[in-house]
Amino acid sequence: NAARRDDALQVGGQARRLYLRDAVNVDISDTGRASLRPGLRKVTQVPLMSLWQSPLHRDVFAVLGSDWVKVDPLTWSTEALADIGPGGAQHLVLNNVVLASGADGIFQFDGTRAQRFTLPVPPAPMVSAGAGSLVQGAYGVALSWLRGPMESPLSAMTHCKVGQGGALSITLPLCMDVTVTGARLYLTRPDGGELLRGEDYPIALPYVEIPLLPKLGARPQFQHMEAMPTGKYFGQWRGRLVTARANVLRFSQALAYHVHDPRHDFVLMPQRITFLQPVDGGIWVGQVDHVAFLAGTQPDELQLVRKTAKAPVPGSALALDAETAGEMAG
């Protein structure tokens with residue numbers, strides 16, 4: 001058949017017809033009506049990365065350069081929240097707070113302000129002997145930072161020998177985190193090795209004098225631990241945060257999301273991790289040439305199961321509920 005000229009593609013009369021030679025980005029209904037297919041449009045010149053909308057209040061977040069920003073989706077203007085580091089971020093909602101895992105750490109936004117989510121490990125305190133009412137012996141002293149009810153990992157312990165009728169003069173280390181509100185001291189009994197909780201002090205206090213040993217409480221909760229490290233991939237799993245960098249998965253302590261035990265809270269994968277998707281029964285982990293499933297309910301119980309033999313697309317993990325997934329859910 002010979003091709004018609006462009007001016008002959010429309011036919012009038014009782015039964016009008018419209019012919020299309022090249023139907024590009026066009027939807028044609030069952031009745032023959034043609035409509036332009038919905039497409040993409042450029043809404044801003046700002047180079048936003050890691051654009052994400054919170055399911056909590058529908059706020060929109062992104063990374064601009066090294067800044068974590070809040071985005072107005074109507075005007076596409078941005079409000080800088082924190083310097084999170086270059087390279088994008090991963091987001092999630094935890095206890096009604098938005099968390100972002102960036103190159104420089106894990107940050108939080110509570111709807112009013114952004115700040116670093118974790119607390120640093122404090123330096124060991126400086127301790128010297130003074131005059132007081134202490135029993136003669138060697139005392140150990142360590143401390144942790146406080147941000148409201150949140151407590152940091154414990155510092156290293158400093159030892160000091162005190163004579164009969166002595167005291168402990170403790171110089172608190174300088175804290176550079178403006179969100180820290182106090183310091184908690186842990187002390188040993190004379191010639192003892194176990195640290196026990198002492199008293200809390202305001203962070204502005206430069207030093208503490210202990211002429212008499214106070215009533216000691218529980219052992220420190222986060223001794224030999226560190227702040228939860230950030231990672232390229234980020235998720236929440238069974239009361240823990242989990243991050244991935246290179247071929248290592250790292251977990252927070254259970255319900256202490258800001259603290260990580262570097263001795264136990266990790267899993268080494270055989271290859272570089274390319275995505276992370278926690279589910280109730282374990283964690284889906286993307287590898288360079290396959291997908292693995294870590295089955296279990298605790299980090300020390302996870303069993304590696306190889307699921308596919310094809311290379312997944314990096315960062316392509318997506319969680320769907322069973323109703324949306326349909327037959328694929330089985």
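**View 1. The lining of the largest pocket holds 13 nonpolar residues, seven polar ones and no charged ones.** This close-up, like the others here, comes from a predicted model. The largest pocket encloses about 510 Å³ of space. Its lining is made up of 20 residues, and the closest to the pocket centre are Gln90, His91, Phe234, Leu276 and Gln277. If you like to trace the walls by secondary structure, four strands give two or more residues each to this lining: strand 5 (49-53), strand 9 (90-94), strand 22 (233-237) and strand 27 (275-279).

**View 2. The second largest pocket has a lining with charged residues in it.** Here the space comes to about 410 Å³. Twenty residues line this pocket too, and those nearest its centre are Gln108, Phe117, Arg147, Pro149 and Met150. Sorted by class, the lining has ten nonpolar, six polar and four charged residues. At least two lining residues come from strand 10 (97-102), and at least two from strand 15 (150-151).

**View 3. Strand 22 and strand 23 make a hairpin.** The two strands run antiparallel and are joined by five bridges, with strand 23 covering residues 240-245. Across the pairing, you will find Gln236 opposite Leu241 of strand 23. Two residues lie between the strands, and Arg238, in the turn, has a positive phi of about 50°. Strand 22 is mostly covered, with four of its five residues buried. Strand 22 may look familiar from View 1, since it is among the strands that contribute to the lining of the largest pocket.

**View 4. Trp237 and Phe251 form a tilted aromatic pair.** The structure holds five aromatic pairs, and this is one of them. The ring centres of Trp237 and Phe251 are 5.8 Å apart and the planes meet at 50°, so the pair counts as tilted. Distant parts of the chain are linked here: Trp237 belongs to strand 22 and Phe251 to strand 24 (residues 248-251), with 14 residues of separation. Are the two partners buried or exposed? Trp237 is buried because its relative accessibility is 2%, and Phe251 is buried because its value is 0%.

**View 5. Trp284 and Phe293 form another tilted pair.** Their ring centres lie 4.7 Å apart, with the planes at 45°. How exposed is each ring's residue? Trp284 has 30% relative accessibility, so this residue counts as partly exposed. Phe293, at 12%, counts as buried.

**View 6. Four aromatic residues are joined into a cluster.** The members to pick out are Trp52, Phe61, Trp68 and Phe109, which are linked by ring pairs. Trp52 falls within the residue range of strand 5 (49-53), one of the strands from View 1.

**View 7. Ala309 is an exposed loop residue.** The loop in question runs between strand 30 (303-308) and helix 1 (322-325). Ala309 counts as exposed because its relative accessible area is 66%. What does Ala309 touch, leaving aside its neighbours within four places in sequence? The contacts are with Asp289 and His290. The C-alpha atom of Ala309 is also separated by 7.2 Å from that of Val291, a residue 18 places away along the chain.

Terms used:
Residues numbered from 1 in each chain as written. Predicted model: local features only at pLDDT ≥ 70, side-chain atom pairs only at ≥ 80, totals over all residues. Heavy atoms only, no water. 1 Å grid on protein atoms, 1.4 Å probe; cavity = no way out; pocket = protein on both sides within 12 Å on 5 of 7 lines; lining within 4 Å. Points joined across faces, edges and corners; volume = space filled by probe spheres on them. Nonpolar A, V, L, I, M, F, W, Y, C, P; charged D, E, K, R; others polar. Buried < 20%, exposed > 50% of the residue type's maximum accessible area, 1.4 Å probe, protein only. Contact = heavy atoms within 4.5 Å. Phe/Tyr/Trp six-rings, centres within 6.5 Å; stacked < 30°, edge-to-face > 60°. Pairing = 2+ DSSP bridges.
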